[in-house]
Amino acid sequence: MITREDILNLAEKEQDICISIYLPTHKMGEEVQQDPIRLKNLLTEAKEQLKEHKVKEQRIKNVLKEPTDLLDKPMFWQHNDKGLALFITEDDFEYHRVPHSFKERVMVDDHFLITPLVPMISLEGSFCILALSQKKVRLLRCSRAEVTEIELEDSPKNMEEFKKYDVYEKNITSAGSGGSESMFHGWGDGSVETDYVENYLKTIENEVTSILRKRNDPLVLTGINEAVALYRKANHYSRIMDETISGNPDPKSNEEIKDEGWEIIQSYFLKDMYDDIKRFGDLSGSDKQSDNLTKIVEAAYYGKVESLFVPIGEHSWGWFDTERDVVHHSPKPKNGEHDLINMAAIKTLTQSGNVYALDKEDMPNDSSIAAIFRYA
């Protein structure tokens, strides 16, 4: 998974040859065999762009050698995700597999194309899912792309194990006279006294809360509604999500649970973006926001942009004359000109601003770019 730090490192690189290649990839099926063909075609396009930049043939061959070698490595293509991004200079070559599908794209410039990676910044982060069941309790640490199970060392793994704990007997005794008439009917093998379930979940909650207070990850619960409600009653952890994954988690794999949790958690990770979209609207008519590309590019070069909104897949060509503070625009790319939207994103990120990538229809004011400024 590519991180904000990875993207910043890419944004900060400047050389006379920086090649960015993006392509969609596949994890399985016949389309996996088409992925190296896609890369081959994109490398051919990169070669043509390098020729347009007056780069000599031998130098082109040297620059493209490492990515070209990937075409003859079948195992490389068996471990891809939804998208592959390659970044090539004469001194370095790196690639990133990401859980995000890209449109095919090649750019040769003196810096890298980073805007297709911007969605990864907003969605970076980890979260946890607690699967509640009488048969198997699982605490999962997740990101958008990965899931690992956190071992619970001081809690029962299931209800059967809990019944053997001395603490269970003490809790039931202290509850008064060997149990309650209230019965818990949610778990399949007959009804269980609600006191049993409450104390079972309290024991689990104690360790889970201890772990999560050190991690500070948001927590999603999954289980039947009755069990989730009893766990919430016992819960002392502040970052528990209101929305849950309903139903018995036992038949589901960790990966399946992670994917369902991601559908819930992604809006949580995007909260800052939604807050800034609202703030952009609240600042309407003031000098602290703009949807004018020329004004925003100039502001980005001088570190004035606090939050930048860019449309996914959109480009605008030109260059910024720093001596005269003039932004020049072109209908199509020419030597010495850049993607101005990409440059604004690079300048904003490398000067500690926020950059958000949205679908065109979700952009503030339906604009091609938008920004909140640090000062008027």
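Q: Why are helices α8 and α9 called oblique to each other?
A: In this predicted model, α8 (residues 194-215) and α9 (residues 225-234) pack at an angle of about 55°. Roughly parallel needs an angle under 35 degrees, and roughly perpendicular runs from 65 to 115. About 55° fits neither range, so the pair counts as oblique.

Q: What else describes how α8 and α9 pack?
A: Their axes are 9 Å apart, and α8 passes α9 in a right-handed crossing.

Q: Which residues make the contact between α8 and α9?
A: From α8 you get Thr194, Val197, Glu198, Leu201, Lys202, Ile204, Glu205 and Val208. From α9 come Ala227, Leu230, Tyr231, Lys233 and Ala234. Sorted by type, the residues of this contact are eight nonpolar, one polar and four charged.

Q: How do you know that β14 and β16 pair?
A: Pairing takes at least two bridges between the strands. Strand β14 (residues 317-321) and β16 have two bridges, in the antiparallel sense, so they pass. Have a look at Gly318, which stands opposite His338 in β16.

Q: What makes β15 and β16 edge strands?
A: The open sheet has three strands in the order β15-β14-β16, with antiparallel pairing. β15 (326-330) and β16 (338-339) each have a single partner strand, so one side of each is left without a neighbour in the sheet.

Q: Which helix lies across β14 and β15?
A: That's α12 (residues 293-301), running at about 130° to β15.

Methods: Residues are numbered from 1 along each chain as its sequence is written. This is a predicted model: local features need pLDDT of at least 70, side-chain atom pairs count only at pLDDT 80 or more; totals for chains, interfaces and linings use all residues. Side-chain values use heavy atoms; hydrogens and water are left out. Helices (H or I, at least four residues) and strands (E, at least two) are DSSP runs, numbered from the N terminus. Contact means heavy atoms within 4.5 Å. Axes are lines fitted to C-alpha atoms, for helices over the stretch in contact, and angles run from 0 to 180 degrees between N-to-C directions. A crossing is left-handed if the near helix is turned anticlockwise from the far one by less than a right angle, and right-handed if clockwise. Ala, Val, Leu, Ile, Met, Phe, Trp, Tyr, Cys and Pro count as nonpolar, Asp, Glu, Lys and Arg as charged, and the others, Gly among them, as polar.
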